[in-house]
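Hello,

Please find below the structure I said I would pass on. My notes on it follow.

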Amino acid sequence: MQADTTQRGADLLVRTLSRAGVTRIFGLSGNQIMPIFDACLDAGIEIVHTRHEAAAVFMAEAYAQLTGTVGVALVTAGGGLTNAAGTLFSARASDTPVLLLSGDSPLAQDGRGAFQELDQASITTPLTKLSFRAQTPSDLAEGITNALQTAQSGCPGPVHIALPFDLLHDACTHPIPKPPTTDRTAVPDITGITKALAQSTKPLILLGPSLTPTRAPGLHDALQHALQAPVLPMESPRGLNDPSLGDVRQAVDQADLIVSLAKRIDFTLGFGAGPARWIVAHADQAEIDRAIHNLGDRLIAGLSVAPAPLIDALLSATGQPARNAWLAQVEALTAKRPDATPANDHITSDSLCMAVQQALTNHPGSVVISDGGEFGQWAQALTKTDARVINGISGVIGGGLPYGIAACAARPGVPVVVLSGDGSAGFHLSEFETAARAGLPVLMVIGNDCRWNAEHQIQLRDYGPDRLSNCDLSPARYDLAAAALGAHGEYVTSPADLAPALERALASGKPACVNVMIHGLPAPSGH
């Protein structure tokens, strides 16, 4: 361990982060965290300074997914923490390792009515794997190290530490700890899984959000080859109606065995309804208990095990029978996509997404961000790039632009395109100023149908066209607002103008907003 007799608590914290490999923090300044801003100067940690605390957590979530590290967000106390806390719900549902650091009132002023005094941990505990208020310099060192390890271990997820100002400001001599280590637990016994698979005619393997192709590149193909069973990554709240998985519901209905790896048996799977037998492996025992509740006697095995050692063992499995016909059948079902809207003189949800896909064909390595209700589903269904980030299982919208900014930081030099509905775009449009200031050239394409279309569709379906209310939005010029914040702006109303506008935006070298007036469609879904 290294000791430094001149360090403040903030220096100890930041040096602990740096030694653990943290090079970038997404944050918004405030009184109680200025010692951390100062300490980051000496440690060489970059702070991407945002315009809203929720945006900082969204950025940390996307950054973690695209880098395979812990995303770090830093906010101030009081309203800073409460602004950020709700976004933890998204990171928790997407199984994303995020460390939220928040300033706090001084320990020495506890109970006296200090500025922004608040029991922060009581707010964040239901949303995190670990939440606590630092009490000693050790919490700024070993506590940070433990939090980083907790965020990444087992089922990944967010953690939170509240940082009293006096701990950060005062001098301390505590040593800097060693970085967290990866705990590779013993290889589990997979005999039961491989035996059940060998006896199955139509098995399926479901992967949870931490095991998608973006976050676990190559796993899908390797696991499918080793087990001779179709492998389906699932990260959308639409679940069995996820349009990016085609007619996945038909595949699930026909399966005789489903092996779920790090995937909750919840509403996205219809709570497990159907004839198939199940094997569920999840690091959280609570999720095994949920599977028992939802599946009953159709659950033939529930394994409380971290995914990494289990997957290592499954990739080494041999002796599975070839199931070429079943593999081809599921591939055909999940490859289905909605029919294109007939060509006309206006732009629709699907034609816009297909135009973006075409524009990216000459840009390898692109990242697509999907955000929104109905329009976001079209984006998921009709775009395919090397990596994507979506508003995942939580169904939380509005994080698209922050996700895109973080993606530009995580993967510099490749195009990052955010596809967002106009409703979702309004949450954090001011972050275009962040992108311009930080030199992060994210492209946001807004499908602008002048409404909250998801809720509009609910009203049409459930109450009828005479009961539509409060879902209309204006034809706002988001492009002009983005341009005023330092971005390149394009406004598109005609199909003929769409492709040139996208190319100009991609070539601008700046953050860009392409505001496209569309005829919004109901979201596509599987059958």
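I start with the pairing of strand 5 and strand 6: the two run parallel and are joined by 4 bridges. One contact in this pairing can be named by residue, since Leu-130 has Val-159 in strand 6 as its bridge partner. Please keep in mind that this is a predicted model.

The sheet

An open sheet of 6 strands is present, paired in parallel and ordered 2-1-3-4-6-5. Strand 2 (46–49) and strand 5 form the edges; each has a single partner strand, so one side of each lacks a neighbour in the sheet. Direction ignored, the average turn between neighbouring strands of this sheet is 20°.

Helix 7

Helix 7 lies across strand 4, strand 5 and strand 6, and its angle to strand 6 is about 160°. Which residues of helix 7 (residues 142–152) are buried? They are Gly-143, Ile-144, Thr-145, Ala-147, Leu-148, Thr-150 and Ala-151. An α-helix has 3.6 residues a turn, so residues three or four places apart point the same way. The buried residues of helix 7 pack against strand 4 (98–104), strand 5 (130–133) and strand 6 (159–164), and also against helix 1 (9–19). Gly-154, just after helix 7, has a positive phi of about 55°.

Aromatic pairs

The count of aromatic pairs is 3. One of them is Phe-26 with Tyr-63, an edge-to-face pair with 5.3 Å from centre to centre and 65° between the planes. Phe-26 belongs to strand 1 (residues 24–27) and Tyr-63 to helix 3 (residues 53–67); the pair links distant parts of the chain, 37 residues apart. Both Phe-26 and Tyr-63 are buried.

Phe-58 and Tyr-403 also form an edge-to-face pair, with centres 5.4 Å apart and planes at 85°. Because Phe-58 is in helix 3 and Tyr-403 in helix 17 (residues 400–410), this pair ties together parts 345 residues apart in sequence. Are these two rings on buried or exposed residues? Phe-58 has a relative accessible area of 5%, so this residue is buried. Tyr-403, at 1% relative accessibility, is buried as well. The cut-off behind both calls is a relative accessible area under 20%.

A charge over a ring

One further side-chain arrangement concerns Arg-477 and Tyr-491. The charged end of Arg-477 sits over the ring of Tyr-491, at 3.8 Å from the ring centre.

Regards

Conventions: Residues are numbered from 1 along each chain as its sequence is written. This is a predicted model: local features need pLDDT of at least 70, side-chain atom pairs count only at pLDDT 80 or more; totals for chains, interfaces and linings use all residues. Side-chain values use heavy atoms; hydrogens and water are left out. Rings of Phe, Tyr and Trp (its six-membered ring) pair if their centres lie within 6.5 Å; planes under 30 degrees apart count as stacked, over 60 as edge-to-face and the rest as tilted. Buried means under 20% relative accessible area, exposed over 50%, partly exposed in between (1.4 Å probe, protein chains only). A charge sits over a ring if NZ of Lys or CZ of Arg is within 6 Å of the ring centre and within 35 degrees of the ring normal. Contact means heavy atoms within 4.5 Å. Two strands pair if DSSP finds at least two bridges between them. Axes are lines fitted to C-alpha atoms, for helices over the stretch in contact, and angles run from 0 to 180 degrees between N-to-C directions.
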